[in-house]
Each structure stands twice: as structure tokens, then as C-alpha cells.
Amino acid sequence: MLRPAIDADGAPFWEYAALGELRVQACADCHEPRFPPRPCCPHCQSFASEWRPTSGRGRIWSYVVPHPPLLPDYAARAPYNVVVVELADAPRVRLVGNVVSAAGAALDSLSPDRIRIGARVQAVFADGLPQWVLERP
């Protein structure tokens with residue numbers, strides 16, 4: 001399984017995810033959320049930041065169902081979904097992930113025909129990685 005490359009700016013995101021929390025970086029001065037995490041606010045150029053908890057709710061903004069040829073570790077799991085989720089309480093923040101049937105389920109645990117743009121999802125966590133489940137299965 002591929003693991004994320006963690007840099008100093010994004011490390012808190014992964015630390016909170018390991019605790020089962022979905023947090024996003026926000027400017028401590030103008031309060032605008034930002035993702036991906038970075039040292040300077042693109043709105044006011046402040047270097048002050050904080051990590052705000054989110055509800056973990058969102059909606060599918062876009063998705064794709066990849067088919068082989070893929071990276072070898074993923075080819076056997078295809079077809080599976082890759083979604084872009086727009087967070088409900090930070091709509092400018094969009095996260096990439098997978099919709100699964102339950103926390104920790106395999107990438108191919110949910111039939112791709114169940115995925116729809118606009119579907120509401122909730123963050124769940126497995127092994128420190130955020131995943132998504134449909135709010136109404």
C-alpha cells in the first residue's frame with residue numbers, strides 16, 4: 001500500500017488523522033482554511049496558522065474509477081473509486097480519498113456504481129488514513 005509523503009507543513013494533518021480526527025490548517029490571522037497545508041496564507045500572507053477540527057462531513061465533488069494498467073499494488077484491486085471530497089464546513093478545502101463500505105474496508109469494497117457527484121460522505125479512519133463512507137448507504 002502506498003503511504004503519503006509527509007513534510008513538515010502537512011505533518012499535523014497526519015498526526016490528527018492517526019487519532020481519528022479530520023483537521024485542516026487555517027490562518028490564525030484571517031481565519032481562512034487552506035489545503036494543502038503550507039507555511040504562508042495565500043489570502044493575507046500571514047505565517048500564523050492553526051489546525052481546526054472539522055465535522056468530517058462533505059460531498060463528492062468529483063470522482064474517477066481507474067482501470068488497469070495501474071501501479072502494481074493497485075491493479076488487482078481495480079475497479080475502485082478515487083474521490084475528491086469538498087468539506088461541508090470548509091468548502092474551499094477538497095481532499096482526495098476513497099469511498100469504502102466501512103472504516104478499514106478494502107478499496108474495492110463499494111461498487112463504483114454507488115458513487116455519485118454530490119453524494120454526502122463522512123470521514124472514517126483506518127491505519128491513520130482518512131477514508132469516506134456514504135452517509136446513506
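In this predicted model, the side chain of Glu86 makes a polar contact with the side chain of Arg94, at 3.3 Å. Glu86 sits in strand β5, which covers residues 82-87. Glu86 counts as buried, because its relative accessibility is 14% and the cut-off for buried is under 20%. If you leave out residues up to four places away in sequence, Glu86 touches Gly58, Arg59, Trp61, Pro91, Val93 and Arg94. So Arg94 turns up twice here: it is on the contact list, and its side chain is the polar partner of Glu86 at that 3.3 Å, while Glu86 is buried at 14%.

Let's move on to the loop between β6 and β7, where several residues are worth a visit. Take Asn98, which lies in that loop. Is Asn98 buried or exposed? At 17% relative accessibility, Asn98 counts as buried. A polar atom of the Asn98 side chain lies 2.6 Å from the backbone oxygen of Asn81. Beyond the residues up to four places away in sequence, Asn98 touches Tyr80, Asn81, Val82, Val83, Leu107, Gln131 and Trp132.

Ile115 is found in the loop between β6 and β7 as well. With a relative accessibility of 0%, Ile115 counts as buried. Which residues does Ile115 contact, leaving aside its neighbours within four places in sequence? They are Ile60, Tyr63, Asn81, Val83, Val99 and Leu110. Here's a nice pairing to look up in the 3D view: Ile115 and Ser62 are 53 residues apart in sequence, and their C-alpha atoms are 9.6 Å apart in space.

A little further along the chain you come to Gly118, again in the loop between β6 and β7. Gly118 is partly exposed, with a relative accessible area of 32%. Once residues up to four places away in sequence are set aside, Gly118 touches Arg59 and Ile60. From Gly118 to Glu135 you count 17 residues in sequence and 12 Å in space, C-alpha to C-alpha.

Now for the empty space. The largest pocket holds about 720 Å³. It is lined by 27 residues, and the closest to its centre are Val96, Gly97, Asn98, Leu129 and Pro130. So Asn98 is a residue you have already met: it's buried at 17%. Three elements give two or more residues to the lining: α1 (11-18), β6 (94-97) and β8 (129-134). Of these, β8 supplies the largest share, four residues. What kinds of residues make up the lining? They divide into 20 nonpolar, four polar and three charged.

Since α1 helps to line that pocket, follow it next. Its buried residues are Ala11, Pro12, Phe13 and Ala17. They pack against β1 (23-27), β3 (49-53), β7 (120-126) and β8. After α1 comes Gly20, with a positive phi near 85°.

What about the cysteines? A search of the whole structure finds zero disulfides. Cys27 is in none, and the nearest cysteine sulfur, in Cys44, is 3.6 Å away. That pair misses out because a disulfide needs the two sulfur atoms within 2.5 Å. Cys27 is buried, with a relative accessible area of 0%. For Cys40, the closest cysteine sulfur is that of Cys41, at 6.7 Å, and so too far for a bond. Cys40 counts as partly exposed, at 24% relative accessibility.

Last, a few backbone details. The peptide bond from Phe35 to Pro36 is cis, with omega near 5°. Pro36 is in the loop between β2 (33-34) and β3, and Gln45 is found in the loop between β2 and β3 too. Gln45 has a positive phi, near 65°, in a residue other than glycine. It's partly exposed, with a relative accessible area of 48%. Asp127 also has a positive phi without being glycine, near 55°. You'll find Asp127 in the loop between β7 and β8, and at 67% relative accessibility it counts as exposed.

Methods: Residues are numbered from 1 along each chain as its sequence is written. This is a predicted model: local features need pLDDT of at least 70, side-chain atom pairs count only at pLDDT 80 or more; totals for chains, interfaces and linings use all residues. Side-chain values use heavy atoms; hydrogens and water are left out. On a 1 Å grid over the protein atoms alone, a cavity is a set of points where a 1.4 Å probe fits but cannot get out, and a pocket is an open set with protein on both sides within 12 Å along at least five of seven lines; lining residues have an atom within 4 Å of a point. Grid points are joined across faces, edges and corners, and a volume is the space filled by probe spheres set on the points. Ala, Val, Leu, Ile, Met, Phe, Trp, Tyr, Cys and Pro count as nonpolar, Asp, Glu, Lys and Arg as charged, and the others, Gly among them, as polar. Buried means under 20% relative accessible area, exposed over 50%, partly exposed in between (1.4 Å probe, protein chains only). A polar contact is a pair of N or O atoms within 3.5 Å; within protein, one must be able to donate a hydrogen and the other to accept it, and residues adjacent in sequence count only if both atoms are side-chain atoms. Contact means heavy atoms within 4.5 Å.
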